[in-house]
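Q: Please take a close look at one strand in this model. Work outward from there to what surrounds it.

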Amino acid sequence: MAPLVCRLHGERAGREAAADLILYSFRRCPYAMRARLALDVSGQVCELREVVLRNKPPAMLEASPKGTVPVLVLSNGEVIDESLDIMLWALGCNDPERWLTPESDSRQFARVDAAWFASLPLRGVQSWLTTIVTSERFERIMRHPAT
Ligand SMILES: N[C@@H](CCC(=O)N[C@@H](CS)C(=O)NCC(=O)O)C(=O)O
């Protein structure tokens, strides 16, 4: 069966022509989530290969023997197997929303102490974060691959 190709940036997800990038991912893995978000915001089109962690595909282990997701395989065969590096690679290609140059780093505490985060005089960051988690993009990168 042809691999499921997910257009991470765009309208559709479905079976399409092969993409230049392959992303081995696990939908609920936070590391894979952040990689998918950065790839999406940067406009990359990936072939999304959802992995069952207890039964990893041999091709993924061949690309990255350490066996964690996400793993991004570039068109030149280069492998990026750390989520932060995938984010930096994607945003280094294209960062239209300026994720690499945020106003403040305090957004990382939003989930740790929500009341404290809400009390900060950072309306721009708060509304930026709300925009992300309520966005169509977030919904898209969290969509179950089977749907
Ligand atoms: N430092 C890695 C951590 C990735 C990671 O630990 N992913 C977990 C899933 S959330 C994983 O693949 N674990 C391997 C396993 O459960 O077999 C990254 O940021 O990409």
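A: Strand E3 (21-25) is mostly covered, with 5 of its 5 residues buried. This is a predicted model. In a regular strand, side chains alternate between the two faces of the sheet. In E3, Leu21, Leu23 and Ser25 point one way. Ile22 and Tyr24 point the other way. Both sets are buried.

Next, the pairing. E3 runs parallel to E4, and 5 bridges join them. Leu23 of E3 stands opposite Leu48 in E4.

Now the core. The largest nonpolar core holds 24 residues. Leu23, Tyr24, Ala35, Ala38, Leu72 and Ile86 touch the most other members. Several elements give two or more residues to this core: strand E3 (21-25), helix H1 (30-41), strand E4 (46-50), strand E5 (71-73) and helix H3 (83-93). The largest share, 6 residues, comes from H1.

H1 deserves its own look. Its buried residues are Ala32, Ala35, Arg36, Leu37, Ala38, Leu39, Asp40 and Val41. Arg36 and Asp40 are on that list too. An α-helix has 3.6 residues a turn, so residues three or four places apart point the same way. The buried residues of H1 pack against E3, E4, E5, H3 and helix H6 (136-142). The length of H1 agrees with expectation, because 12 residues at 1.5 Å a residue should span 16 Å and the end C-alpha atoms are 16 Å apart. Gly43 follows H1, with a positive phi near 85 degrees.

Ile86 is another of the core residues with the most contacts to other members. Leaving out residues up to four places away in sequence, Ile86 touches Ala35, Ala38, Pro70, Leu72 and Ile80. Ala35 and Ala38 are buried residues of H1. Pro70 lies in the loop between helix H2 (58-63) and E5. The peptide bond from Val69 to Pro70 is cis, with omega near 5 degrees.

That loop leads to the ligand. Val69 and Pro70 are among the residues that surround the ligand. The others are Phe26, Cys29, Tyr31, Leu53, Gly67, Thr68, Glu82, Ser83 and Leu84. By type, the shell divides into 7 nonpolar, 3 polar and 1 charged.

One residue makes a contrast with the covered strand. Arg98 sits in the loop between H3 and helix H4 (114-119). Arg98 counts as exposed because it has 10 C-beta neighbours inside 10 Å, and the exposed class takes 12 or fewer. Its phi is positive, near 55 degrees, although Arg98 is not a glycine. The C-alpha atoms of Arg98 and Ser42 are separated by 9.9 Å. Along the chain these two are 56 residues apart.

Last, the whole chain. The protein chain has 6 helices and 6 strands. Along the sequence the pattern is β-β-β-α-β-α-β-β-α-α-α-α. Of its 147 residues, 24% count as buried. Among contacts with a separation of 6 or more, 63% join residues 24 or more positions apart. Back at the start, E3 has 5 of 5 residues buried, is joined to E4 by 5 bridges, and gives two or more residues to the largest nonpolar core.

Note on methods
Residues are numbered from 1 along each chain as its sequence is written. This is a predicted model: local features need pLDDT of at least 70, side-chain atom pairs count only at pLDDT 80 or more; totals for chains, interfaces and linings use all residues. A nonpolar core is a set of buried Ala, Val, Leu, Ile, Met, Phe, Trp, Tyr and Cys residues joined through C-beta atoms within 7 Å. A residue is buried if 20 or more other C-beta atoms lie within 10 Å of its own, exposed if 12 or fewer, and partly exposed in between; C-beta atoms are placed from the backbone. Helices (H or I, at least four residues) and strands (E, at least two) are DSSP runs, numbered from the N terminus. Two residues are in contact if their C-beta atoms, placed from the backbone, lie within 7 Å. A residue is near a molecule or strand if its C-beta atom, placed from the backbone, lies within 6 Å of it. Ala, Val, Leu, Ile, Met, Phe, Trp, Tyr, Cys and Pro count as nonpolar, Asp, Glu, Lys and Arg as charged, and the others, Gly among them, as polar. The expected span of a helix is 1.5 Å times one less than its number of residues. Two strands pair if DSSP finds at least two bridges between them.
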